[in-house]
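Student: I have a model open in my viewer and would like to learn how to read its pockets and its ligand site. Could you walk me through it?

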Amino acid sequence: MGVIISVVGAGIIGLTTALTLADRGHAVTVHDPDPVSGATYFAGGMLAPTAEVVYKQDPLFPLMKASASYYPDLIALTSKYSDKPTGYRTDGTLVVARDVADKTHLAELREYQEQHGMEVETLTTRQARKYESALSPAIAGAVRIAGDHQVQPRLFTQALIDACHNAGVTFTHEKIDDIDRLEADQVVVANGLGARDLVSYLDLRPVYGDVLQLRVPEHQYPLLDHVVRGFVEDRPVYLIPREDRTLTIGATTREDGRAEAQAQGVFQLLRDAIEIAPAIEECDFLEAAAGARPGTPDDLPYLGRIDERTVVSTGYFRHGILLAGLGARCGAEVVEKQAPSIDLSACDPRRHE
Ligand SMILES: Cc1cc2nc3c(=O)[nH]c(=O)nc-3n(C[C@H](O)[C@H](O)[C@H](O)COP(=O)(O)OP(=O)(O)OC[C@H]3O[C@@H](n4cnc5c(N)ncnc54)[C@H](O)[C@@H]3O)c2cc1C
């Protein structure tokens, strides 16, 4: 028998969790005054368990890897209930180094990735330019990561909302101030940064990122076929080509509390992207925006049960699109009081209480 479940928040985590629970036969309501208005709206959408590794974040790697492996099922679940596109692409990712120092950085990172069992293929710059002819002839090094993929978050979430409706999920456009007042058997707190107002001991902070949207002119399309990440004088930048001819360029990382896109960030992203692929100069400029990633002190999410009725699923920081595969599957398992598919002890929501 299904139970009555309230999911607070309609970002990627709330939507994928709601859909998973509805598919398992539960009666699900999602509460959000403005669905997909948080970090998800601004995200690049890279599903990059390898390219996104950061030194000394070892507890995160198995979660990222598991989540990437759950993604095909998540896309299939979405397609079961909706015909809308998700922007899911499995062309793989190239990572390029702009100069010799960046090439050393890339080689060190590759060594670290391989030590952790990740697959990375070193390319000559000539091979890299065969994959992507728009790459600058001046790049100094490159690797290919076939297992790092992408979705288009703004498309994927529209598909998820449609899928949720078709799977019987109800939406209420209300802000929840007190979860005790929700009339449900189970509550999932999945409202990103807003979760700190509902569960006081969650140590969440906004980590802002500037991000740009461009459109590739018809005569240049497709400018790129793969996600291209680059290091330019040690600064990371990524270029994500989409099938609708848009190109996402991201993202800065700052904790200055400024919610608008910053001129310095916009300048830096454009300059570094053009260093990697000079033809970007000819693209239409559509948008500069900034989003707030829900960060935690140890960069790990909060995912687990906090009492008989309440499950927390937030704090996905810079990997929430990727980790939605895990958040949805394991979140649903925790709601159903089953053992999760992967050990979640590192994600205990009470660990910073
Ligand atoms: C610039 C940028 C680039 C990124 N790129 C990537 C990437 O390439 N790959 C990746 O994996 N991750 C990426 N991320 C991280 C990812 O976007 C986040 O980790 C993820 O979107 C978090 O999703 P969420 O559903 O937990 O929260 P959010 O998307 O923030 O959604 C929270 C929702 O809760 C609602 N809400 C808030 N308070 C309440 C309340 N009291 N009651 C009801 N509803 C409420 C809000 O309206 C919002 O819709 C990026 C983030 C940024 C900012």
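Tutor: Happy to; we will look at a pocket and then at the ligand, keeping in mind that this is a predicted model.

Student: How do I find empty space in the first place?

Tutor: Rolling a probe the size of a water molecule over the atoms shows where empty space is left. Here, the second largest pocket holds about 360 Å³ of space.

Student: Which residues lie nearest the centre of the second largest pocket?

Tutor: Look for Thr 50, Lys 65, Gly 117, Met 118 and Glu 119, out of 18 lining residues. Two elements, α3 (60–81) and β6 (141–145), give two or more residues to that lining, and α3 supplies the largest share, 4 residues. By class, the lining has 8 nonpolar, 4 polar and 6 charged residues.

Student: Why does the second largest pocket lie between domain 1 and domain 2?

Tutor: Because domain 1 (4–86 + 151–203 + 297–347) and domain 2 (93–146 + 206–295) both give residues to its lining.

Student: And the ligand: which residues come nearest?

Tutor: Of the 39 residues around the ligand, those are Asp 32, Thr 40, Ile 176, Phe 317 and Leu 322. The shell divides into 18 nonpolar, 15 polar and 6 charged residues. Both domains give residues to this shell, so the ligand also lies between them.

Student: What polar contacts should I look for?

Tutor: Start at the side chain of Ser 37, where an N or O atom is 3.0 Å from a ligand oxygen. Backbone N or O atoms also lie 3.2 Å from a ligand oxygen at His 319 and 3.5 Å from one at Asp 34. Overall, the protein covers 94% of the 1,000 Å² of accessible area that the ligand has on its own.

Terms used: Residues are numbered from 1 along each chain as its sequence is written. This is a predicted model: local features need pLDDT of at least 70, side-chain atom pairs count only at pLDDT 80 or more; totals for chains, interfaces and linings use all residues. Side-chain values use heavy atoms; hydrogens and water are left out. On a 1 Å grid over the protein atoms alone, a cavity is a set of points where a 1.4 Å probe fits but cannot get out, and a pocket is an open set with protein on both sides within 12 Å along at least five of seven lines; lining residues have an atom within 4 Å of a point. Grid points are joined across faces, edges and corners, and a volume is the space filled by probe spheres set on the points. Ala, Val, Leu, Ile, Met, Phe, Trp, Tyr, Cys and Pro count as nonpolar, Asp, Glu, Lys and Arg as charged, and the others, Gly among them, as polar. Domain bounds come from an automatic or database domain assignment. A residue is near a molecule or strand if one of its heavy atoms lies within 4 Å of it. A polar contact is a pair of N or O atoms within 3.5 Å; within protein, one must be able to donate a hydrogen and the other to accept it, and residues adjacent in sequence count only if both atoms are side-chain atoms. Accessible areas come from the Shrake-Rupley method with a 1.4 Å probe; for residues, only the protein chains shown count as cover.
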